[in-house]
Amino acid sequence: MIYKIERIYQKGSRDINEDAYVMNKEDGIFAVIDGATGVGGLSGIIASNIIRDAMLREDGNLLERVLKGNVILGEKAVVTLGEAGIKKIGDIPKYKRSSCSLAAIQLPLSGLKMKYVTAGDCLLFIQYKNNEIRQVNHDHVAPLDSFGIHLAQTEWRKYVSENEDPNKWGLYEINQTTKAILEAVHDTLQQNRNKMNTSEGYGIIDGSEEVDEFLESGVIPLINVKKILLLSDGLRVHSNRNQVIENEWLYSAKLAFEHGLSYLEKTIMDIEINDLACYQYPRFKQHDDKTGLLIHLG
């Protein structure tokens with residue numbers, strides 16, 4: 001199969017990039033992986049790197065490699081945490097675990113059937129030759145995040161008056177206020193993490209036995225497909241607090257398919273640079289890690 005690839009891999013506001021990606025052309029495997037650090041717990045880079053390495057080095061098909069990586073993650077988490085009484089991944093509270101979202105595909109070396117595996121808030125899109133866009137998986141994380149963001153916006157009312165823009169404040173005041181707001185929503189974020197791999201929450205790779213029940217996987221025939229897009233949630237366009245985009249994911253995919261990944265990244269960066277306080281475009285941090293792959297089939 002002949003194809004060309006666009007790639008974005010950009011660190012966010014933190015010191016390290018917790019995202020990872022896979023471009024395993026020999027086996028036709030491509031993926032974006034979004035690591036999530038536990039609330040007061042293990043770094044997300046543990047999960048993202050282990051799942052990346054599994055797709056590069058383990059044997060088997062795409063799903064088998066991901067599941068092998070999940071087992072390795074569970075063992076690594078126990079050793080890394082190193083706390084007394086922690087003997088298996090189930091002993092680690094969910095909110096402390098290193099976890100990762102995933103959008104991964106395995107292109108056929110012959111034939112038309114593409115395999116995929118997804119989890120969390122990394123999304124997979126397909127564009128057909130008639131320009132129709134298909135969103136393959138659903139983001140179950142976003143509704144929980146939205147609840148936390150709504151609480152954060154409520155907290156902002158303690159600090160700003162009507163029509164005031166905190167982005168015009170000094171840097172110290174912005175940092176102190178956003179820190180206080182994040183502390184106010186800390187318990188909500190922790191509660192959200194405890195819903196990992198439950199029917200009331202979302203599926204994600206965290207090293208637990210439950211992962212197998214919550215991964216989305218399948219096969220898609222590449223009939224009239226011209227482009228395939230894999231995005232971490234750092235490449236989802238933010239809504240303005242006064243003008244909500246109906247489907248931020250689909251809007252982002254359209255920008256990428258029509259103008260390329262660099263254009264999508266610049267659109268998001270322009271928003272984030274001009275909204276240091278995360279107020280006009282509500283979110284938890286100024287810049288999230290950004291990872292994307294756009295594959296042109298031909």
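Which residue is the bridge partner of Phe-30 in S4? In this predicted model, that partner is Ile-105. The pairing is a handy way into the structure, and the strand that holds Phe-30 is a good place to begin.

Strand S3 covers residues 29-36, and eight of its eight residues are buried. The cover comes from both sides of the strand. On one face sit Ile-29, Ala-31, Ile-33 and Gly-35, and on the other Phe-30, Val-32, Asp-34 and Ala-36, every one of them buried. So Phe-30, the residue from the opening question, belongs to the same face as Asp-34. S3 has a strand partner in S2 (residues 19-24), with six bridges joining the two in an antiparallel arrangement. Within this pair, Asp-19 stands across from Asp-34 of S3. S2 and S3 make up a hairpin, with four residues between the strands. In the turn, Gly-28 has a positive phi of about 70 degrees. S3 also pairs with S4 (residues 99-106), again in the antiparallel sense, and here there are eight bridges. It is in this second pairing that Phe-30 meets Ile-105.

The hairpin also leads to a salt bridge. Asp-27 pairs with Arg-65, and their closest N and O atoms are 3.2 Å apart. The two partners come from distant parts of the chain: Asp-27 is in the loop between S2 and S3, while Arg-65 is in helix H2 (residues 62-81), 38 residues away. How covered are the two ends? Arg-65 counts as buried because its relative accessible area is 7%, under the 20% cut-off. Asp-27, at 24% relative accessibility, counts as partly exposed.

Altogether, the model has 14 salt bridges. Another of them brings together the side chains of Glu-248 and Arg-236, at 3.3 Å from N to O. Glu-248 lies in helix H7 (residues 248-259) and Arg-236 in the loop between strand S9 (225-231) and H7, so this salt bridge ties together parts that are twelve residues apart in sequence. Arg-236 is buried, with a relative accessibility of 16%.

A salt bridge can also stay inside one helix, as the pair Asp-270 and Lys-266 shows, with the closest N and O atoms 2.9 Å apart. Both residues lie in helix H8 (residues 261-273), and the four residues that separate them amount to about one turn of the helix. Asp-270 is partly exposed at 34% relative accessibility, whereas Lys-266 is exposed, with a relative accessible area of 52%. Elsewhere, Arg-52, Asp-53 and Arg-57 are joined into one network by salt bridges that share partners.

Backbone angles bring up two asparagines. Most residues other than glycine have a negative phi. Asn-197 is not a glycine, yet its phi is positive, at about 55 degrees. This residue lies in the loop between H5 and H6, and it is buried, with a relative accessible area of 5%. Asn-224 likewise has a positive phi, near 60 degrees, without being a glycine. Asn-224 is found in the loop between strand S8 (216-221) and S9. Buried or partly exposed, then, for Asn-224? With a relative accessible area of 45%, Asn-224 is partly exposed.

The loop between helix H5 (186-193) and H6 is also the place of Glu-200. Glu-200 counts as exposed because its relative accessibility is 61%, and the cut-off for that label is over 50%. Glu-200 and Trp-169 are 31 residues apart in sequence, and their C-alpha atoms are 39 Å apart in space.

Last comes a stretch of surface charge. Glu-209, Glu-210, Asp-212 and Glu-213 gather there in a patch of negative charge. Asp-212, one of these four, is found in helix H6 (residues 211-214). Asp-212 has a relative accessibility of 45%, which means that it counts as partly exposed.

Conventions: Residues numbered from 1 in each chain as written. Predicted model: local features only at pLDDT ≥ 70, side-chain atom pairs only at ≥ 80, totals over all residues. Heavy atoms only, no water. Patch = residues over 30% accessible without salt bridge, like charges linked within 9 Å, V, L, I, M, F, W, Y side chains within 5 Å. Areas by Shrake-Rupley, 256 points an atom, 1.4 Å probe, with all protein chains shown as cover. Salt bridge = Lys/Arg side-chain N within 4 Å of Asp/Glu carboxyl O. Lys, Arg positive; Asp, Glu negative; His and termini not counted. Charge placed at Lys NZ, Arg CZ, Asp CG, Glu CD. Buried < 20%, exposed > 50% of the residue type's maximum accessible area, 1.4 Å probe, protein only. Pairing = 2+ DSSP bridges.
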